[in-house]
Amino acid sequence: MMNIETEPSILFKVPKFVVPQSCALYARISEDDGRALGVERQIEDLIAWCARNGWTIGDTYIDNDISASTLSKATRPNYERLLADVESGIRDGIVVVNLDRWTRRMRELVDFLEWLNGPGRNVPFRTLAGDDATTPDGRMVMHIKGAVAQQEAERISLRSKRERMQSREKGLYRSSGVPFGFVKVGIAKDATFEPDPQTADFVREAFNLFIGGENTKAIVGRFQRSPYPAPSGNAYWHYQSVRKILRNGVYAGLLIFKGEVVGTATNVIPVIDEPTFRAAAAVFSGRAGRAAMPRKYLLNGLVRCGVCGAKCKAYAASTYTQGGRVNKRAAKWACPPVMFGGHNCTARNYSAVEDYVDGIVRDAISQEMPEPEESTTTDDDVQAGIAVVGLEQRIAATRAAYASGDLSGADFFPLLSDLRDKLNALQAAQSRATALRAKRRTAPAADVAMEVWISDDPELFAKRREIVERYISQIVIMPLGGRTGNKLPAPETHLHVIPA
Ligand SMILES: [Zn+2]
């Protein structure tokens, strides 16, 4: 018989728990069950329990006003953070008021218990209701309670769905929270939603800017800079929360169900009028149409910063407010900030770049247009050939003069280098002309290319891009050197186009 004294760890896989030195308190408020236990109360009770049991508190994790029910898709950021902290060893114990507060998703509870008892994890999980995940019996009870809680959550969800439907039929707006820009006056079913004197104007302005063409990013920025905190305890205003406002019919006193206006709320005093809301909705639907195709810039990836070499990014036109005045910022190509791989070195007006490239591409296409008469050797070629031979002869003669002592070094070297430069330039021009002729012979109908190029049919985007790439490999934005005026100097001085 095996001696259990010497091999205890094999027979008794009950881990030895030490008293937590940095435990996690988890609390959550959810109004969907109508008997919400305030977060402060939960935390107070948890602190008292820790004091009684000698657990040292590391941190509190609070998910506010977010349903943990089976049907809710809401995420719980602090629940996730807590699990991550336990995983990384920062927290060595978890305590929560009851399993309801922890989760109502059976699946989540099962996964959690499995994870908690996984190898190498030695973290006690307790509830004030007496649940203890450190023993097999305790875990079984938790499974049963979890199943009951899930059933309860489903029942509640059905009930509140039914209630919401009844409210809609009565023309009542119902919300567990208070939408930004409103205040809730009165309680429970008699509550009315009225514009908040503090924030309603801000919402109105956001709607007006939005329907006036301001982009969402700029509006999100305004919310972020405002003194008003982001909803549901977020540190920042996100696109999502701003969009939620701009798409929410309640600001116009409308009841919306599944994206359709189903009536007018009798318990809401609107912040904006209905046409404003409809205009905003129209902007969204217009955007949704465009969003199906990702935003495309013809020169994406071809524009480079002339200082650091980073790929430049296209920035759409925007507006900003300064001293109460709305200013326009033109669209531009710019060296992006560090997080996008650049250093904010250079920026150039978007249309200035486009126009310049357009000119170059048009020239290049015209060059390929079939010539009236085809001849393999042009007069230009003959002239160039004569010039090359002439230069070569002059170089030879100069060399001879230097060798025989007729020409001093001081005269010879500059002269030679000048002649060489001329010769190189001429030869380069000759080879370009030859290459161009080769291209002309093989180029697909250049007149078709020109038609495609000047069309603004979005369907032809890929073809237009092909055309650019045929002629241009890069457009390099050079610094302007401290100029601040609006008028740009000639493009070739600050835009370097590198041919393909
Ligand atoms: Zn740069």
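Where is proline 270 found? Select it to begin, and the residue appears in the loop between strand E8 (260-264) and helix H10 (274-291), where helices (H or I, at least four residues) and strands (E, at least two) are DSSP runs numbered from the N terminus. Residues are numbered from 1 along each chain as its sequence is written. The model is a predicted one, in which local features need pLDDT of at least 70 and side-chain atom pairs count only at pLDDT 80 or more, while totals for chains, interfaces and linings use all residues.

**Around proline 270**

Stay on proline 270, which is buried, with 21 other C-beta atoms within 10 Å; a residue is called buried if 20 or more other C-beta atoms lie within 10 Å of its own, exposed if 12 or fewer, and partly exposed in between, with C-beta atoms placed from the backbone. Not counting residues up to four places away in sequence, proline 270 touches Tyr251, Ala252 and Gly253, a contact being two C-beta atoms, placed from the backbone, that lie within 7 Å. Add alanine 200 to the selection: from proline 270 it is 70 residues away in sequence, and the two are 9.6 Å apart in space, C-alpha to C-alpha.

**The largest nonpolar core**

Next select Val203, Ala206, Phe207, Leu246 and Tyr251, the residues with the most contacts inside the largest nonpolar core, which has 25 residues; such a core is a set of buried Ala, Val, Leu, Ile, Met, Phe, Trp, Tyr and Cys residues joined through C-beta atoms within 7 Å. Two or more residues of this core come from each of helix H7 (200-211), helix H9 (239-246), strand E7 (254-257) and H10, and H7 gives the most, with five residues. Centre the view on valine 203 and, leaving aside its neighbours within four places in sequence, you will find it in contact with Phe180, Gly181, Ile245, Tyr251 and Val271. Apart from this core lies another, of 19 residues, among them Cys312, Trp333, Ile475 and Ile477.

**A mixed sheet and its helices**

Now show E9, E15 and E16, three strands that form an open sheet in the order E9-E15-E16 with mixed pairing, where two strands pair if DSSP finds at least two bridges between them. Strand E9 (303-305) and strand E16 (495-499) are the edge strands, each pairing on one side only, and the twist averages 25° from one strand to the next. E9 and strand E15 (residues 472-477) pair in the parallel sense over three bridges, and the bridge partner of arginine 304 in E15 is valine 476. Helix H11 (residues 350-368) packs on the sheet, touching E9, E15 and E16, and its direction makes about 145° with that of E15; axes are lines fitted to C-alpha atoms, for helices over the stretch in contact, and angles run from 0 to 180 degrees between N-to-C directions.

Add helix H15 (residues 461-471), whose axis comes within 10 Å of that of H11 and crosses it at roughly 80°. H11 and H15 are therefore roughly perpendicular to each other, a term for angles of 65 to 115 degrees. Where they meet, Val357, Ile360, Val361 and Ala364 in H11 face Ile467, Val468 and Tyr471 in H15.

**A hairpin to finish**

Finally, select strand E5 (residues 182-185) and strand E6 (residues 192-195), which run antiparallel and are joined by four bridges. Valine 185 stands opposite threonine 192 in E6, and the hairpin has six residues between its strands, with glycine 186 in the turn showing a positive phi of about 90°.

Notes. Angles under 35 degrees count as roughly parallel, over 145 as roughly antiparallel, 65 to 115 as roughly perpendicular and the rest as oblique.
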